[in-house]
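This report describes the pockets of a protein model and the surroundings of its ligand.

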Amino acid sequence: MYLTQEEETILEGEYGPTLKKAMEILTTLGDIYGADSLIQINSAQIAGVSYKTIGDAGLEWISDLEGTVVVPSILNPAGMDMDRWQEMGVDADFASKQARIIEAYMRLGVRCECTCTPYYIDEELAAFGDHLAWSESSAISYANSVIGARTNREGGPSALSAALIGKTANYGYHLDENRVPTIGFEVDCKLTGADYGALGCLAGAEAGSGVPMFRLSSKPSKTELKALGAAMAASGAVALYHVEGITPESGLQEFPGETIIIERRQIDDVFDEGCGKGWGDGYRNGCGEEYVRGCQDEPDLVALGCPHYSASELEEVARLLEDHNPAKEVWICTSRMVRDANPGLVRRIEDSGAKVFVDTCMVVSPATDRFRCVLTDSGKAFKYVPNLCGVGARIAHINDCLAGDDGN
Ligand code: F3S
């Protein structure tokens, strides 16, 4: 891979061990994937934040780094609401280690916004054609597909390396030839809301790491596209998709010859039974315990906001919770900035007894593990909660998630 003289100098260690290590990570990836050079990035979104996922080894690694990021950089959700962790049921030892992780990132100049929806907090982080180094799978999918920016599925260390150097290796989804659809999906029934998460569960399992292109008979909103991409990133490894006539690069692409028809019955099956193909018969959680798919328990937590909710989604929740209290404990996850910009909506939601948590989510927080079964409107959470929390999950439309004792 071609390196400029300055890049060579960084690689030789003249700018210190942290930048040397960062350059080694970027050039190693570039060599593995056949990149011709490094390219400038516009922003970084860095995963590997929750103490639940990175543990003591990750905390130690981040704490040892020195330097300052040179592009706008924000964090993925942490393992707790940084202020309301006790209310979530997080213990003090976890909270103190989580705080040390955030402090270590802040020392490197990373913004302490812990969210998987960076595009809601700053539009300048990603625009059409921008090269990025993002690492949360739903954010990657949204950036590539809905915004038309370009990012690979970065790991936490490679995204942080890119943030420190301001560049990433030029391969994968940065190149036109890897943005061409590989599999088509036709859906001829009307879809709305959580249907898109269910469709994502089905399509992601079929598409794997390919690039799906959809021909839909409904016109999805950006919120619905967010749900579709998030679910495909969880049930498969989809980082980019196109929707004919909707997403910004779809007009540049031919609809693929290999096409799968998805019917209403299959979408309904996801709500009734969970997603079939590609899901296996059971999960093993982090402790190696077998967890059988298909939650038989009555859900005892409603968890919304995967990916983190926008202001308009908070508005919808506030409207649905008007005049009644939900029958179960309800968490709504969003970013700190969206919460702070919408105090009236947050108050209306929390007046019902539901909680609006920021900086975190139901998947990366250990607080979810004490529940038996999570009810969610998200295809991604539906897939990940059993896998990563060892807790059952069901998916439903948002009005069903927020129904009161009387079912209304
Ligand atoms: Fe975001 Fe957590 Fe879902 S990181 S996409 S809310 S699993």
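## Second largest pocket

In this predicted model, the lining of the second largest pocket comprises six nonpolar, seven polar and five charged residues. The pocket's volume is about 400 Å³. Its lining consists of 18 residues, and Gly193, Thr223, Tyr309, Glu313 and Asp377 are those nearest the centre.

Three elements, α10 (222-235), β13 and α12 (311-320), each contribute at least two residues to this lining. The largest share, four residues, is supplied by α10.

## Largest pocket

The largest pocket encloses about 520 Å³ of space. Its lining is made up of 26 residues, with Asn76, Glu136, Val364, Lys380 and Tyr384 nearest the centre. Two or more lining residues come from each of α3 (51-64), α7 (137-147), β13 (301-309) and α15 (379-389).

Sorted by class, this lining contains 12 nonpolar, nine polar and five charged residues.

## Ligand surroundings

Which space does the ligand take? The ligand occupies the largest pocket. Around the ligand are Pro77, Cys116, Glu136, Ser138, Gly305, Cys306, Pro307, Cys361, Val363 and Lys380. Glu136 and Lys380, both in this shell, are also among the residues nearest the centre of the largest pocket.

Strand β13 provides the largest share of the shell, namely three residues. The classes represented are six nonpolar, two polar and two charged residues. Beyond its place in the ligand shell, β13 also supplies at least two residues to the lining of the second largest pocket.

Terms used: Residues are numbered from 1 along each chain as its sequence is written. This is a predicted model: local features need pLDDT of at least 70, side-chain atom pairs count only at pLDDT 80 or more; totals for chains, interfaces and linings use all residues. Side-chain values use heavy atoms; hydrogens and water are left out. On a 1 Å grid over the protein atoms alone, a cavity is a set of points where a 1.4 Å probe fits but cannot get out, and a pocket is an open set with protein on both sides within 12 Å along at least five of seven lines; lining residues have an atom within 4 Å of a point. Grid points are joined across faces, edges and corners, and a volume is the space filled by probe spheres set on the points. Ala, Val, Leu, Ile, Met, Phe, Trp, Tyr, Cys and Pro count as nonpolar, Asp, Glu, Lys and Arg as charged, and the others, Gly among them, as polar. A residue is near a molecule or strand if one of its heavy atoms lies within 4 Å of it. A molecule sits in a cavity or pocket if more than half of its atoms lie within 2 Å of its grid points.
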